[in-house]
Amino acid sequence: MSENLEVLLLDDEPIVGKRLKPAIEKIGCSVEVFENPHAALERIDEKVFDIVVSDIRMDDIDGIQVLDHVMKRSDHTKVILITGYAMMSLAREAMEKGAFDFIAKPFQPDDLRMVIAKAAEALGSSVNFDKK
Amino acid sequence: MSIIIISSDSQEIESRTAGLISESLGYGMAARKEILPKVAEKYGLSADELVNVLEKRPSIFRSSVRQWKLYLSYIQEGVVEELRRDNLVCYGLAAHLYVLGVSHVLRVRILAKEEEKLRELTAHTGIDMQAARKLIDKEKKYRSRWAYEMYGMDEADSSRYDLSINLNSLDLEDAIKLIEETVSYRRFKAMTYSIRCLEDLAIVSRARAVLKKRFPDVRVQASGGRLIISLLSLKREKVKKTKMIKEMTSDIQGVDYVEVHVFNDYLKQAAESFR
């Protein structure tokens, strides 16, 4: 694992990536942002990320499909799903399929940073909250 | 990190199952003896009064439905507060009727063995089998009416549970194994979303306990730290009630912002205009 945690962030709303990228970088992660799920899956095939943060509701490919794809590709990667349409059944499905965590929008950048910190811990790494 | 809520048509099976699971998984217990004394002390009531509310229906001779619902809101507040601790088995507090939509809560319904219930009843009361059967049917209907009156739900509806077990077909030992296996599934693990759902429910429960006495028909929702309260009222009382509700709820733990929606009570308004 490289020194910085490698994070892929996928959300079809540009504002989400724009807002969350600097928030995650502040705790010492390297972040690649995607708005197109196809492009994100191609990148996941090329590189093993430590953490994938993906929106669920997107055109063509949804977050659960992204989760399935990542799970087949690598058991190292922790997948965090985010959605503005959270429901108990969807949350349970995501967890059963191997999601590391499931977050309902709207949330504060700190909420995501906390989950990333937990994911880092599960990977045997850590993030630096002092850099916030 | 999960919560298991056990409900059954037999109180004895409920407590026996919960005890065995708690012992085997090392989970804490949220039951009447843990919760009701705390709730009773907080609101200056006796624990027996609260047990009565959980078991009996209100009647014109005892008390009103409003008072019953007020006491139930106190119990709910105490129960949900306790459930925030996680890794718990909860029973005997009607939690299966109000802890809804929290994905790390496994809701289990256990249907007791008919023969066993009859045997126990005849042994305890000395009545014959036929009378015992009638009594069991009567209690079942009574309980069903209680759940419907208090929460508008049919508690025997199996679609309300994650797992329904019929002890006429399985031994209790097998049922325990089944529950333990089910709760070990990842889908019942706590996650950021489910923890937030439980926090929202805790805020709603606290607000209801505060408001129900003064505003019995109030509707309460919470999202994040936002508390949303809706009620019907006469137009001229709108400002006064909004102010009062905001004052009553703004100090509630976890609340950052209170939103009050007062809708015009046309029925009351019409009734007043005929006076």
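# A chat about chains A and B

Trainee: Which residue stands opposite B:Ser7 in β4(B)?

Mentor: In this model, which is a predicted one, B:Ser7 faces B:Arg109 in β4(B). The two strands concerned are β1 (residues 3–8) and β4 (residues 105–111) of chain B, and they pair in the parallel sense over six bridges.

Trainee: And what order do the strands of that open sheet in chain B take?

Mentor: The order of its five strands is β2-β3-β1-β4-β5 (chain B), and the pairing is parallel. At the edges are β2 (28–30) and β5 (163–166) of chain B, each of which pairs on one side only, and from one strand to the next the twist averages 20°.

Trainee: Which strands does helix α1 of chain B lie across?

Mentor: Helix α1 (residues 11–25) of chain B lies across β1, β2, β3 (88–91) and β4 of chain B, and the helix runs at about 155° to β1(B).

Trainee: Staying with chain B, how do β6 and β7 pair, parallel or antiparallel?

Mentor: Strand β6 (residues 219–223) and strand β7 (residues 226–233) of chain B pair in the antiparallel sense, with five bridges between them, and one bridge joins B:Arg219 to B:Ser230 in β7(B). Together β6(B) and β7(B) form a hairpin with two residues between them, and B:Gly224 in the turn has a positive phi of about 65°.

Trainee: What about β7(B) and β8, then: over how many bridges do they pair?

Mentor: β7(B) and strand β8 (residues 257–264) of chain B pair over eight bridges, in the parallel sense; as one example, B:Leu232 has B:Phe263 in β8(B) as its bridge partner.

Trainee: Switching to chain A, what pattern does it follow along the sequence?

Mentor: Chain A has five helices and five strands, and read along the sequence it follows β-α-β-α-β-α-β-α-β-α. Its radius of gyration is 13 Å, close to the 14 Å that the globule rule gives for 132 residues, so chain A is as compact as a globular protein of that length. Its C-alpha atoms fill a box of roughly 35 × 30 × 25 Å along the principal axes, and buried residues make up 39% of the 132 residues.

Trainee: Which strands stand at the edges of the sheet in chain A?

Mentor: The sheet is an open one of five strands in the order β2-β1-β3-β4-β5 (chain A), with parallel pairing. β2 (29–34) and β5 (101–104) of chain A stand at its edges with a single partner strand each, so one side of each has no neighbour in the sheet. At the β5 end, β4 (residues 78–83) of chain A runs parallel to β5(A) and is joined to β5(A) by four bridges, with A:Leu81 standing opposite A:Phe102 in β5(A).

Trainee: Which residues of helix α2 in chain A are buried?

Mentor: In α2 (residues 37–46) of chain A the buried residues are A:Pro37, A:Ala40 and A:Ile44. They cover an arc of only 55° around the axis, which puts them on the same side of α2(A). These buried residues pack against β1 (5–10), β2, β3 (51–55) and α3 (63–73) of chain A, while the face of α2(A) turned away from the buried side carries the exposed residues A:His38, A:Ala39, A:Glu42, A:Asp45 and A:Glu46.

Trainee: Last one: how many residues does the contact take from chain A and from chain B?

Mentor: The contact takes twelve residues from chain A and eleven residues from chain B. On the side of chain B that touches chain A, three residues are nonpolar, four are polar and four are charged.

Definitions and conventions. Residues are numbered from 1 along each chain as its sequence is written. Chains are lettered from A and ligands numbered from 1 in the order in which they are written. This is a predicted model: local features need pLDDT of at least 70, side-chain atom pairs count only at pLDDT 80 or more; totals for chains, interfaces and linings use all residues. Two strands pair if DSSP finds at least two bridges between them. The radius of gyration is taken over C-alpha atoms; the globule rule is 2.2 Å times the number of residues to the power 0.38. A residue is buried if 20 or more other C-beta atoms lie within 10 Å of its own, exposed if 12 or fewer, and partly exposed in between; C-beta atoms are placed from the backbone. Two residues are in contact if their C-beta atoms, placed from the backbone, lie within 7 Å. Ala, Val, Leu, Ile, Met, Phe, Trp, Tyr, Cys and Pro count as nonpolar, Asp, Glu, Lys and Arg as charged, and the others, Gly among them, as polar. Axes are lines fitted to C-alpha atoms, for helices over the stretch in contact, and angles run from 0 to 180 degrees between N-to-C directions. The arc is that of the directions from the helix axis to the C-beta atoms.
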